[in-house]
Each structure stands twice: as C-alpha cells, then as structure tokens.
Amino acid sequence: MPKITIDGIECEVADGLNVIEAAKTIGIHIPHFCYHPALSLVGQCRMCLIELDPIPKLQTACSTFVKDGMVIRTNTEKVIKARKAIMEFLLINHPLDCPECDQAGECDLQNNSFEFGQGFSRFEEQKRTYSRDIPVGEKLVRIQDRCIHCTRCIRFFREIVQNEVMTYQWRGNNTAMTPLEQDGRRLDTNYSGNMHELCPCGALTLKDFRFKTRPWNLANTESVCPLCSTGCNIFIDHKQRKIFRIRPRVNMDVNTWWICDFGRIDFGYAHSETRIAGPRVKGADADWKTALDTAAGLLKTTGASATAILCSADATNEEALLVKKLAAALGCSAASLPAPGVDPLEMEDHLLLRADKAANTQGLKALGIVPDPALADKLSGGAIKTLLLINPFNKQLAAALDGVRDAVAKIPNLVVLDHNETDFSKAAAVVLPGAVWAEKNGTFTNYKGLVQRINQAFAPAGKARGDFDILLALAQGAGADIACKTHIDAYNEIRDDLLKLEAQIKKDIEALQKAAAEAEKA
Amino acid sequence: MDSAVLATVILALIKIALILAVLFTGVAYYSLAERKFSAFMQDRIGPNRCGPFALLQPLADGVKFFLKEDVIPHHVDKVLYLAAPAMAMIPAMATIAVVPFADPIPAPASGLFASLGQIQFQLADINVGMLYIFAVSGLAVYGVVIAGWASNNKYALLGSLRASAQMISYELTLGLSVLGVFMVYETLQLDAIVAAQTSFISFLPVAIPKWGIVVQPLGFLLFLIATFAETSRLPFDLPEGEAEIVAGYHVEYGSMKFMLFMLAEYSHMIIASAVITCLFLGGWNLPWVDMSSLPAVQRVAAQLAVFTAKAGFFAFLFIWVRWTLPRFRYDQLMRLGWKVLLPLAIANLVATGAFYVVKYTVGIG
Amino acid sequence: MAEIMKVVTRNMDVPDQHTIAVAMQNGAYEQLKKALEMTPDAIIEEVKKSGLRGRGGAGFPAGLKWSFVPKQAPKPKYMCVNADEGEPGTFKDRVIMSKDPHLLVEGILIACYAIGIRDAYIYIRGEFVEPANILQKAIDEAYEKGFIGENILGKDFTCHITVHRGAGAYVCGEETGLIESLEGKRGQPRLKPPFPAVVGAFQGPTVVNNVETLANVPRIFEHGADWFAAIGVEKNSGTRLFGISGHVNKPGVYELPMGTPIRELIELAGGVRGGRKIKAVVPGGSSAPALTPDQLDTQMSFDALGAIGSMGGSGGVIVMDETTNLVCVLTRLLEFYAHESCGQCTPCREGVAWLKKIMQRIRRGQGKIEDIDLMLEVAGNIMGNTLCPLGDAAAMPTRGFLTKFRAEFEAFIKSGANAEGTPMAGEGAVQVSVPAAE
Amino acid sequence: MAIIVKKPAPLTFWERIYLPAILKGLGMTMRHMIKTLAGGGVTIRYPEQHKRVPNNYRALHVMPTWEDGHIKCVACEMCSTVCPANAITVHAEEDENPEIEKRAAFYEIDELRCIFCGFCEEVCPRDAIHLTKNYEFVTDNREGFLYGMDRLTKTGRLVSELEAKENKDR
C-alpha cells in the first residue's frame with residue numbers, strides 16, 4: 001500500500017493503481033479521454049497531465065503508477081495551463097455541432113471543455129473534415145469530423161472484442177479512425193454498441209438511439225439484463241413509460257464495463273404491438289376480477305394429476321416462490337421445460353454472451369422448479385387437462401415447447417400469463433397480461449448464482465399487471481394462505497436458499513475450473 | 001266630466017309623459033356622462049364605440065340589461081325581492097312631481113286648456129312642495145332596505161342596514177339645513193321660493209341676488225353634503241361599498257332589476273340637482289337679466305336652458321366629487337352626520353331665526 | 001582556423017572502402033577481435049570512459065545507455081541501429097553507410113557483444129536505396145567472413161544483423177517509433193515508460209543507437225578511451241560529422257572535433273555563397289532553433305549549444321544568407337513537421353497543423369501581427385506536452401525563428417507581401433552536393 | 001433602541017374643516033379632466049391604433065427558415081430543456097442532407113403555457129426561434145394556441161411583414 005501525496009492530501013492507495021485511479025479514490029478528478037481502465041495505456045490525449053515531483057516535465061497520470069512517497073500535483077497553474085492548451089487543441093478541429101450531436105449531454109469532451117475550454121476560438125483557419133461515406137455497419141453512426149483520436153475504439157475492438165475491425169488511416173492531422181470493412185471483418189460485432197459509451201465525443205454514436213431524445217431527458221433505473229443468464233448490470237434509460245436505450249452498469253463481478261448489443265438494442269418487445277392489451281376469458285376481453293376468478297377456478301377443476309404449471313426461467317425468484325406455493329395449493333407440479341442442449345455455464349463467445357437465454361435458470365433451480373422431462377410426454381399424451389403457462393414468449397421456453405405446440409394449444413383449461421401474444425395466448429381459455437422485466441421488481445440469479453435486483457422502471461403497460469401480483473391473486477384464489485404480500489417479503493423468505501445456491505455454484509465452478517486447468521496441464 | 005278637470009288630467013298626463021321621457025333620457029345620458037367624465041379625470045377616453053361620441057352607449061347598455069338573463073336566486077324572498085327595485089324606483093320618480101322648471105305660461109286662449117288660465121312647468125304645484133319631497137324621498141330607503149332583506153345575503157343585508165342608518169341620519173340635517181331657506185322665503189312652495197329669489201338683498205349697497213346660496217351659505221353647504229349622503233354617492237356610498245361588502249344591497253340583483261336600482265340612483269341625483277337649483281340657485285332665473293319681456297315660448301326655452309345649466313352643474317358636481325374623494329369609514333360617516341352636520345344645521349337654524357327676530361324687532365331690511 | 005579531424009571518416013576517401021577486402025586492409029574488424037577478448041563489462045566501462053555521447057540528437061552517453069539493459073532478461077535483447085536519417089539538413093549517416101559500412105558493422109558487433117545481444121537491426125531510411133544496398137552487401141560479405149553469424153571468430157558470441165528498410169516516416173527516427181515500425185506496426189512512438197532498455201522491440205530490452213555513435217566505437221578501441229576523451233571539449237568528447245548545407249560555397253560533411261565554433265565550420269565550407277552576410281544558422285538539424293550571426297562563435301557541442309537555447313541535435317548545419325526569406329523557411333519547416341506528425345497525441349497532431357496553417361496564411365500575405373504571439377503561445381503549449389519529441393522538434397524552431405527574427409516576420413506581415421510562389425528552403429534555395437567528404 | 005415616533009402636529013382649523021383639501025382634490029381631478037379633453041390622454045384607441053411596444057418586447061414565436069425554405073432548427077432540444085413552462089415539444093429526425101444531419105420532425109409551442117421569458121430564443125444555437133412583437137394571436141379554442149412548425153414558419157413571414165409596415169409608419 002504505497003503512501004502518496006496528491007494536491008497536498010496524503011493518502012494510502014492500493015498497489016498497482018495509476019494516478020488517475022489513485023486520485024479518484026480521494027475524490028480528485030483528473031480529466032482524460034484516451035484512458036479507460038479496461039484498455040491498454042497509450043497516453044496520447046495528453047489531457048491527464050500532472051506534475052510529479054521532481055520531474056520538470058508534466059507526466060501523464062494514466063501511465064504513471066503510484067510508488068511510495070510520490071508527490072503529485074493536479075491543480076497547479078502549469079497543469080491547468082496544459083489542460084487548457086490540450087482542450088484548445090482538441091477543439092480547433094472538432095466541429096462545434098453539439099446541437100446536432102447525439103453525445104451532447106454525456107460527452108467527455110463537452111464536460112471537460114466546460115471546465116478547461118474557453119468561450120472563443122483563436123483558430124481562424126479551415127477546419128479539417130473527412131468524408132462521411134465510410135460504411136460503419138448497421139449499429140453505429142460514424143462522424144469522423146468529431147473524432148478526437150483517443151483510439152479507444154481501436155483498442156476496444158483489438159483488446160476486448162478481439163476482432164480488429166477499427167484502425168488508423170492516414171497520418172498527422174488527418175488521422176482517421178477507420179473501420180476495416182474487409183477480409184470478412186465488419187464493425188457489426190456483438191459489442192459494437194459499447195462505442196456509445198466508450199467514445200468520449202460524438203464520433204461514434206448508436207444508430208438505434210440516434211435523435212430519439214436527449215440523454216438528460218431520460219430517467220435511469222438500475223436493473224439487470226434479462227436476455228441471457230450472464231445477468232449483465234444495466235441502466236434502463238426511459239422517459240414517459242418508454243425505454244429509449246439500455247446502458248451497461250459497471251459491475252466488475254459480472255459484466256465489467258460492457259454489455260452485448262442484444263441486451264442493448266433488443267428491448268422492443270416491451271413496447272411492441274403484440275403486447276397483450278388486457279385480460280381475456282375465452283377470447284373475450286374481461287376485467288381483472290373476472291379473469292383472475294375464472295383462472296383460479298379453472299386451475300382447481302381437473303384435479304392435481306391433470307394439472308400442471310409450466311414456467312419460463314424469466315420469472316424472478318419471488319415469482320418463482322409464488323409459483324411453487326400455487327403448485328402446492330393445487331397439489332400439482334411446477335416445472336420448467338428443459339431447453340434443448342443448454343448448459344447454464346456455456347459461453348457463446350469469449351466475453352459475455354451465454355447459451356442459456358433465460359435470466360433466472362439458477363434461481364428457479366434453487367427453488368425446485370427444475371426441468372421436468374416427463375412433462376413433455378404428459379402434454380403430448382393429453383394427460384394434462386389444466387395448464388398454467390407462464391411466459392411462453394421466452395425464446396427458450398418457446399423452443400422447448402416446439403414439439404408439443406399443438407398439444408398445448410388443445411388443452412381445454414389453458415391459462416397463459418405473458419406479456420406478449422403467442423400462439424398459446426391466442427389459444428388460451430384465460431389470458432393474464434403480465435409485465436416485462438422493466439416493469440417489475442424482484443431478483444434474478446445469474447449463471448454463477450449471484451442474486452441481483454431488478455427495479456421497476458415504470459408501471460406495466462396498459463391494463464397489464466406485475467406477474468407477482470397476478471400470481472399472488474391466483475394463489476389466493478386457489479386457496480393458498482400466503483404470508484408474503486410483496487416482493488420484499490418474498491425475497492426475505494427465499495434469501496437463505498438463494499445464498500446457499502450461490503455458495504454451491506461457486507464451489508462447482510471452482511471445481512470445474514480446477515478440472516479444466518488440470519486437463520490443460522495434462 | 002268637467003272640461004277643466006279633463007284638461008287638468010290630460011295636461012298632467014302629457015306632463016308626466018314628458019317629464020318621464022326627459023328624466024329617463026337624462027338618467028341614461030347621465031350615466032354616460034359619468035363614465036366619460038370619470039375617464040377624463042383618469043386620463044382615459046371612456047366609452048367610444050357606440051355611435052359618435054358614444055352617444056348610443058346608453059342605448060346599448062339598456063339593450064344589454066334587457067337581454068340579460070333574469071336570474072332570481074333560489075334563496076331570496078321572492079315577493080320582496082321582486083318588489084324592492086320598484087320600491088326604489090317609484091319614490092325617485094315621484095319626487096320630481098313638485099319641481100318647477102320655468103315660469104308658467106298663459107294657456108292658449110281657446111281649446112281644451114283655455115280653462116286652465118295658465119300652464120305651469122311643474123307637475124303638481126302644491127303648497128307643501130318641499131315637505132312632499134322630503135316625504136317621498138324618505139320612502140326610497142324602503143327599496144334599499146327591502147332589497148337587502150329580500151336578498152337573504154349577508155352583504156346585501158349589511159348594505160341595506162348601512163343605507164337605512166345613513167339615510168335616517170342625514171335626513172335630519174337635510175331637513176334642518178333647509179329650514180333656514182323657508183324662513184327667508186317664508187314658503188314651502190318651490191315655485192314661490194324660486195320667485196322669491198329674483199329679488200335682491202335690500203339692505204346692501206350692491207345688488208346681490210337674494211339666492212339661497214347667498215342668504216344661507218351654511219345651509220347650502222349642509223344641504224349639499226346631506227344630499228350626497230342621501231343619494232349614496234361618494235364619499236357616502238357605504239351601502240354599496242364594493243371593497244368591503246361587494247356591492248351592498250344589490251349584490252343579488254341582475255339585468256333589469258339591477259338597472260332599476262341604477263335608474264333610481266341617477267334619478268335621485270338629477271332630482272337633487274334640480275331641487276338644489278330651486279332652493280339655492282334661483283331656479284331658472286338669472287340675476288340682472290329680465291326674461292319676462294320675451295315672448296312666452298322663447299322665455300320658457302331660455303328659462304329651461306338656464307335651469308338645465310344650473311342643475312347640470314350640480315349633476316356634474318356629483319360626478320366630480322365621486323372621482324375625487326374616497327369613501328368614508330362608517331364611524332366617520334356617523335360622526336360627521338350627528339356630531340358635525342346636525343349641530344351646524346341647528347346652529348344655522350337658530351342663527352337665522354335670531355336674525356329675523358332682530359330684523360322684525362329692529363326693523364331693518 | 002579549425003582543422004578537419006578524420007576519425008570516423010578516416011578511410012572514407014579510400015576507393016572501394018565499402019568492400020570488405022579493402023576495408024580489412026585498412027584495419028576493419030581488428031577492433032572486434034580485440035573487443036571479443038575483453039569482458040562485456042570492460043567494454044562498457046571503456047565506452048563510458050571515452051565519454052561517447054549519442055550522435056542522434058539528444059546526446060545521451062552511449063555507455064550509460066548500454067549499461068541500463070538488464071544483464072539477465074527473460075526475453076531476448078535487441079540492438080536497433082537508427083539509420084533513419086530523416087532530419088532536414090542532416091546527411092552524415094548516409095555517408096558512413098555508403099562509404100565505410102564495415103565500420104558501422106564492427107561497431108554494432110562490439111556493442112552487441114558488450115550488451116549480450118544476438119539480434120541487431122539496422123533500421124535504414126527507405127529513401128536510402130543505395131546506402132541500403134551497400135550496407136546489405138557489406139553485411140553479406142561479413143557473414144561470409146564469419147564476422148557476423150554463429151560463433152563469431154570462434155568465440156561464444158552469436159550475432160545477426162538485419163537491414164530493415166523503413167518507409168520514409170520521419171517519426172520512425174524516434175526510438176520507440178522505430179521499434180514499432182520494426183515490429184511491423186504503424187510507425188508511431190510508444191508511451192514511455194517503459195523505456196526501450198526495459199521493454200523494447202518484440203517486448204525485449206532494446207538498445208537504440210545512432211549510426212555515427214556506433215561508428216565511433218571501433219575507433220575508441222583502436223586508440224583507447226583516453227585518446228577519444230581528449231578530443232573535443234569537456235563532456236563532449238570525440239569528433240562529429242557535421243553536414244553543412246545551405247548558402248555555403250562548399251556544402252558537405254565535415255568531421256571536426258566537438259566544440260569547434262560554427263564560424264570556423266562555415267569558413268571551412270568555403271564561406272557564404274557570394275560573400276553575402278549570414279542571416280541565420282541552424283546548428284543541429286531543422287529541429288534546433290536557429291542562431292543569429294552574433295552567436296556564430298558558439299562552440300558546436302551539445303552543452304554549449306544547449307546553453308544558448310539551441311541544441312547540438314543531429315549535426316546538420318544549415319546556413320542561410322541575408323537573401324533568405326525566413327517566412328518561407330518556417331512555413332516549409334512547419335509543413336514538414338505537420339506532414340510527419342504521426343497523429344497520435346493531441347498537441348502535436350492539432351498544434352503543429354495549426355501552426356502550419358497560420359504560417360501558410362502569413363506566407364499568402366493574410367497574416368496579422370497578433371499571429372506571431374498566437375504562434376508563440378501555441379508552440380509553447382506544444383512544448384513538453386507531447387508523447388515524443390516530434391512536437392518539441394516543431395515547436396522549438398518555431399519559437400526560435402519567431403523570437404530571434406520577430407522583426408522580419410512583423411515586417412513581412414505589415415508589408416502584406418504574398419510570398420507564395422517564391423521558392424522555400426529546400427526547393428532550390430538550398431543547394432546540397434553529396435557526398436563531399438574531404 | 002427606542003424609536004421616537006413624531007406625533008403629527010395638531011390640525012389647524014382649515015385643515016379640520018377639510019374643505020380646502022376637498023377643493024384642492026376637486027381641482028386636481030378637474031385639471032386632469034381638462035388635460036385629457038385638451039388631448040393629453042394616454043389611452044390608445046387600440047384596434048385602430050397600436051401601441052409602440054419596446055424593441056425587446058416578447059410575444060408570439062416564429063421559426064425563421066433559410067432562403068430555400070429549409071427550417072433552421074436542428075432539434076437540439078435546448079429550448080425544450082430550458083423552457084421553464086415546459087411549453088415546447090421537439091422530436092428530431094434525420095435530414096436528407098447529410099450536411100445538416102438533424103432537423104425537427106415535430107416542433108410545437110403551447111402558447112398558453114408559454115410565459116414569454118425568451119429563454120428559448122436566448123439558448124437557441126442556430127437562431128432558429130425568435131419572439132416577435134406580435135401579441136395579437138387570440139383565438140377561441142385551445143388548439144388555436146398550439147403552434148406547430150408550419151404555423152411558426154408561416155407566422156414568421158406575416159409578422160415580419162407587419163413589423164416592416166410598422167417601421168414604415170414610424
């Protein structure tokens with residue numbers, strides 16, 4: 001733990017930190033553009049220059065690592081002058097088109113120029129411009145004029161995505177960050193969207209979010225991505241009950257700084273036209289009371305052996321608890337179906353994507369809602385007369401149901417709880433419109449057992465209700481005596497189970513890794 | 001029927017028609033004048049949309065009042081509520097019956113009116129003219145009180161209570177202040193009082209007309225002030241008191257019924273102006289100008305013009321004072337009435353009486 | 001009057017010196033044999049004692065640099081010979097490589113032996129086609145003779161020398177830029193630290209030395225460190241190859257002891273063309289701030305030039321007579337630096353291009369008096385804030401010209417003259433005849 | 001510290017009878033009346049006459065266009081952000097011209113909400129919105145006060161003609 005002095009403040013910081021990170025720990029912000037903790041150091045923006053005793057020349061904070069006794073100054077006249085100089089240099093060729101630029105409002109360049117820029121320009125010459133006709137794929141918009149040559153994009157694709165699709169072109173003042181759309185390399189990687197946050201100016205912006213709104217108009221709700229079992233931490237940026245974009249939230253245990261482009265862009269189903277508008281009984285619109293009463297009645301009609309509950313792994317842990325209680329009240333089984341060939345730990349790529357396309361497989365497992373291979377037979381054999389089908393819109397459950405699609409559609413007492421229309425909801429006796437993940441509270445357990453909270457960004461669309469409330473009403477209608485009335489109560493009830501699972505999975509993973517390491521050694 | 005009686009009745013009907021027509025027109029244009037003059041005093045222009053110089057404005061106002069929805073609130077005493085505007089209007093109209101406007105003219109030699117001998121410019125020449133005026137105008141307070149009572153509204157009731165208290169208080173001053181005039185002219189008959197004012201004060205070297213304002217200056221002032229109070233004009237408009245009791249007794253009234261209250265108020269002012277003119281300003285006469293030698297029609301026209309001018313000045317004075325002085329506080333009003341004006345009126349009465357005692361004993365004048 | 005002192009250039013007038021046969025007749029590789037008998041540490045000590053300073057520009061002591069390389073390193077160590085002679089006005093290494101390549105090879109081998117390097121790369125400027133060919137031929141001959149390769153001279157010393165031709169980027173003359181380029185990457189300097197002596201080419205410890213530096217090494221062993229240290233002035237030992245160009249009658253490469261006054265060098269080069277007066281002299285390559293005529297008695301040594309705010313640099317002396325238009329000179333220089341900026345770090349990429357644009361505007365006759373102060377400030381903002389010295393190299397002469405010859409710039413701006421179309425320095429205004437060692 | 005309250009001097013006789021003060025007051029109103037009648041009034045006969053509003057008067061908005069009719073607004077949403085009354089709604093879209101890049105697809109000012117503070121004009125980086133001196137835009141329905149892009153650009157022309165006329169009158 002080296003002891004250092006920053007701006008006269010003596011502090012002890014962790015080993016191996018650079019000065020930017022060390023200063024951050026005591027709340028001193030050192031402006032920077034090219035530095036990113038996940039990427040290699042290049043020290044080329046020169047914004048993070050600091051004074052380091054006794055070196056006469058200013059040093060870059062990003063490439064200076066703390067050593068015991070270091071004396072750092074970040075607020076001297078010389079440093080401020082250098083920062084102002086760098087800011088001026090960066091802005092002479094940067095087009096001042098913040099009004100058009102999507103980055104405005106969350107732009108490092110803008111923020112730093114508020115602090116170190118000046119209100120006028122001494123640059124009278126022709127600004128440097130670039131051609132805009134360079135294809136950058138479907139996900140991003142590139143406006144090279146705005147580029148400040150931090151090379152974060154190049155390094156990100158080289159070091160994180162490991163697919164070098166960006167490079168330099170030309171030299172000197174005409175240097176351009178150019179996509180290498182050749183040799184089968186395209187900018188449309190699964191992680192290109194991260195440029196949206198990574199690019200410190202507006203040179204690379206997200207096409208999906210382009211011109212939709214301004215970032216300062218958006219409310220940010222902390223949540224977890226539901227699209228695979230990785231459970232990437234995200235912000236849901238929304239306005240007027242509509243999601244505008246998904247942004248990664250830094251969590252060094254799960255997704256570090258990144259999310260994949262599926263998680264970033266595929267939230268359309270939350271606002272799609274196929275959202276179930278309201279509760280239905282036998283195809284006709286009904287009010288909630290009728291629908292819930294009818295559903296609860298139906299679930300009780302055919303007896304325990306002919307009744308089943310089938311739940312997708314998109315349910316939160318709290319909802320899963322209610323499913324279990326409902327099953328207990330009905331005396332039937334609650335199960336998910338095995339997704340064909342899905343191992344929760346299997347990776348789809350080297351970074352974040354997992355094969356398991358449901359958010360909470362592990363959580364359901366911890367609560368005993370596990371795949372029941374016999375259920376498929378029972379369904380196709382017609383043994384099940386009453387089925388509560390929860391969220392068949394989930395891709396994984398839909399795939400698992402593929403073989404028994406017709407059989408399920410023919411079940412007389414089919415109750416479907418889902419947020420979007422499917423073949424099942426169209427065939428169902430009772431349809432209960434549920435909420436998408438952005439509209440609920442609860443917890444997901446990710447592939448390695450980590451229990452993460454999702455927060456409600458806005459109320460469920462239209463007449464839809466939270467799944468927890470619906471299941472609570474169903475369970476009460478089925479005669480269950482349920483103590484937990486809120487998701488918090490439910491979480492408190494299952495917390496121990498979840499923590500046990502987390503410990504177990506951790507152990508399993510360690511064992512697996514050890515085995516893999518030994519296999520490699522051998 | 002006796003032809004003289006018939007002639008009298010017909011003449012009276014014609015006079016009533018004429019006087020009412022003139023009075024209503026006068027009231028209408030008086031309200032316009034009030035609006036215009038108030039505008040001028042406040043550096044404004046006032047109404048200028050209806051006709052040249054807004055001369056059609058009163059018509060428009062009247063049409064507006066007629067066309068407005070006649071609302072009768074459900075909580076009012078319906079009979080009294082409907083009667084009150086009429087009760088306010090009728091005394092105001094009736095008062096003018098005894099006011100003379102000019103010297104009588106000889107009746108036409110032949111025809112229906114020949115038997116009358118002369119035609120008076122006065123509806124009823126009764127020998128207790130002033131008493132009649134006091135009596136009838138005193139009735140006006142009933143309209144106000146009943147309006148306030150019938151409205152069943154606390155502001156209206158407060159307004160009418162104020163009105164009755166104020167009118168009773170100032171009626172005394174009004175009556176006492178004018179007694180001096182009666183002493184001087186030794187009559188209650190208004191045309192006689194006017195006639196008496198054509199003479200000059202006898203014991204003074206310069207010819208000063210023996211007008212009421214000259215012989216009874218204090219009486220004039222007291223009468224004027226009391227008149228303002230009687231007509232509820234500023235600074236004595238406490239019955240209305242927009243600021244504290246919304247609009248007083250007529251707060252619940254709208255459309256025509258409201259208009260009747262307004263007509264009554266403006267009629268009162270016109271009549272009060274006419275009475276003051278008769279009592280203190282020599283009526284239709286001009287001193288040092290002898291109009292009696294003129295032919296009858298010209299003479300009447302000239303006298304009417306003089307009378308209108310004099311009365312018009314007082315009518316203007318009402319407006320002028322309204323836009324100059326602020327409203328009294330209620331206690332100030334009462335103190336002024338009882339502790340200042342009433343003693344002064346009595347003092348004036350005593351002084352006048354004393355003067356005549358001396359005069360008749362000593363024999364001057 | 002200074003005397004030409006032929007140390008490095010001793011054999012350069014010998015015909016066919018570039019062939020190994022002739023070179024060996026003149027003693028080539030004798031010092032290698034001598035050095036291989038010594039311990040590596042002793043060699044480094046000897047070089048340190050000689051006071052040999054790097055001839056590339058910064059003047060860093062060569063022995064010290066060698067001693068920085070860790071003895072035991074997990075990765076192989078490398079020697080990079082900087083033959084990317086791109087500095088305007090500098091043309092001394094080319095002479096060595098084309099006239100006496102074996103001297104360089106011998107120097108490289110001694111250095112490699114001293115540091116324990118098995119692989120040396122000569123990074124030669126792409127435009128130097130002929131010197132590269134001569135050098136390659138010399139290396140091939142040395143391989144044949146067993147001076148390069150496995151177990152040199154029967155000793156436990158293996159060294160390979162490769163000629164790597166650059167693609168003509170000035171910035172590849174910077175040591176980390178050179179290494180990047182050598183690795184096959186885009187030629188742009190690396191962030192330091194780590195310094196090449198710790199992590200250099202192919203992640204291994206690397207020594208980067210100038211051609212002339214290494215060419216001096218055999219001479220040190222031939223005559224001894226003390227002899228070498230005695231030449232020149234204190235702390236600036238040995239001789240230097242000065243490439244003099246510009247408005248002198250006999251431009252060319254002259255070898256003189258360090259510390260010779262500039263005036264004497266100019267006289268040696270035949271004086272100023274047409275007997276005109278001198279306006280400015282650039283003492284050490286275009287990056288060095290120019291000297292005014294009253295500074296011509298300054299000694300040509302790293303320390304003396306540094307003391308007056310210029311620098312010894314690469315030894316390229318450019319003489320400008322009174323007819324020279326300094327506006328054109330500075331414009332040309334800035335065009336060069338802006339063109340050669342790698343575009344990596346902000347002050348150099350944006351600042352130098354900005355300076356260039358202002359200077360071009362002034363040259364077009366659209367300058368303003370305030371532009372001079374603006375340029376001085378911009379240059380000041382570049383100085384010291386860049387990743388590599390290229391930014392400084394552009395800012396230093398800018399500041400030098402603008403402060404020392406401010407009156408001329410102001411007069412030019414005030415006159416509103418448009419100098420576009422008049423030849424700029426290097427476009428016929430400065431005549432260079434090569435090679436002219438004598 | 002005690003405050004010394006000066007008692008007003010007792011009223012004199014003439015003050016106590018108030019008549020001089022009343023006459024003074026009457027004189028004052030009469031003076032005003034005469035002045036007004038002599039033409040010194042300050043009222044303007046409004047529909048026939050227009051008051052000359054100050055140059056920084058702020059009323060109805062206009063959106064100037066370029067000479068080719070293309071709207072200047074680039075939908076940066078600065079105006080809607082700064083608007084203290086939340087009167088401005090902007091939606092952006094891609095312009096066909098890549099040089100302009102962004103433009104307003106939908107722009108609406110609710111003039112009933114507007115408090116005419118002029119912040120939108122001040123904040124606009126493209127001079128794409130102005131507050132004119134045109135205060136005569138009453139209508140009898142709420143929709144009439146919703147000024148979309150078409151009306152804002154059109155009223156711009158009308159208002160500038162009006163102002164030109166006004167300037168000529170002066």
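**Notebook: a buried leucine, two helices and the chain contacts**

I began with C:Leu104 and found its place in helix α6 of chain C, which spans residues 101–115. I note at the outset that this is a predicted model, so whatever I write here describes computed coordinates.

Is C:Leu104 buried or exposed? Its relative accessibility is 0%, and because the cut-off for a buried residue is under 20%, I entered C:Leu104 as buried. I then looked up what surrounds this side chain, leaving aside residues up to four places away in sequence, and listed C:Val81, C:Met97, C:Ile122, C:Leu135, C:Val211 and C:Leu214 as the residues that C:Leu104 touches. I also checked C:Val8, which is 96 residues from C:Leu104 along the chain, and found the two C-alpha atoms separated by 9.7 Å.

Next I turned to helix α17 of chain C, residues 406–415, and asked which of its residues are buried. They are C:Phe409, C:Phe412 and C:Ile413. Looking down the axis of α17(C), I saw that these buried residues fall within an arc of 95 degrees, so they line one face of the helix. This fits the general geometry, in which an α-helix has 3.6 residues a turn, so residues three or four places apart point the same way. On the face turned away from the buried side I noted the exposed residues C:Ala407, C:Lys414 and C:Ser415. Following the buried residues of α17(C) outward, I found that they pack against four helices of chain C, namely α13 (326–340), α14 (346–363), α15 (370–382) and α16 (390–404). After α17(C) comes C:Gly416, for which I recorded a positive phi, near 70 degrees.

In chain B I looked up the packing of helix α5 (residues 154–185) against helix α8 (residues 217–230), where the angle is about 155 degrees and the axes are 8 Å apart. That angle makes α5(B) roughly antiparallel to α8(B), and I noted the crossing as left-handed. The residues making this contact include B:Met167, B:Tyr170, B:Leu174 and B:Val178 of α5(B), together with B:Leu222, B:Phe223 and B:Ala226 of α8(B). Sorted by type, the residues of the contact divide into eight nonpolar, five polar and two charged.

Last, I checked how chain B stands to the other two chains. No contact joins chain A and chain B, whose closest C-alpha atoms lie 45 Å apart, and none joins chain B and chain C, where the corresponding separation is 61 Å.

Note on methods: Residues numbered from 1 in each chain as written. Chains lettered and ligands numbered in written order. Predicted model: local features only at pLDDT ≥ 70, side-chain atom pairs only at ≥ 80, totals over all residues. Heavy atoms only, no water. Buried < 20%, exposed > 50% of the residue type's maximum accessible area, 1.4 Å probe, protein only. Helix = DSSP H or I, 4+ residues; strand = E, 2+ residues; numbered from the N terminus. Arc of directions from axis to C-beta. Contact = heavy atoms within 4.5 Å. Axes fitted to C-alpha atoms, helices over the stretch in contact; angles between N-to-C directions. Parallel < 35°, antiparallel > 145°, perpendicular 65-115°, else oblique. Left-handed = near helix turned anticlockwise from the far one by under 90°. Nonpolar A, V, L, I, M, F, W, Y, C, P; charged D, E, K, R; others polar.
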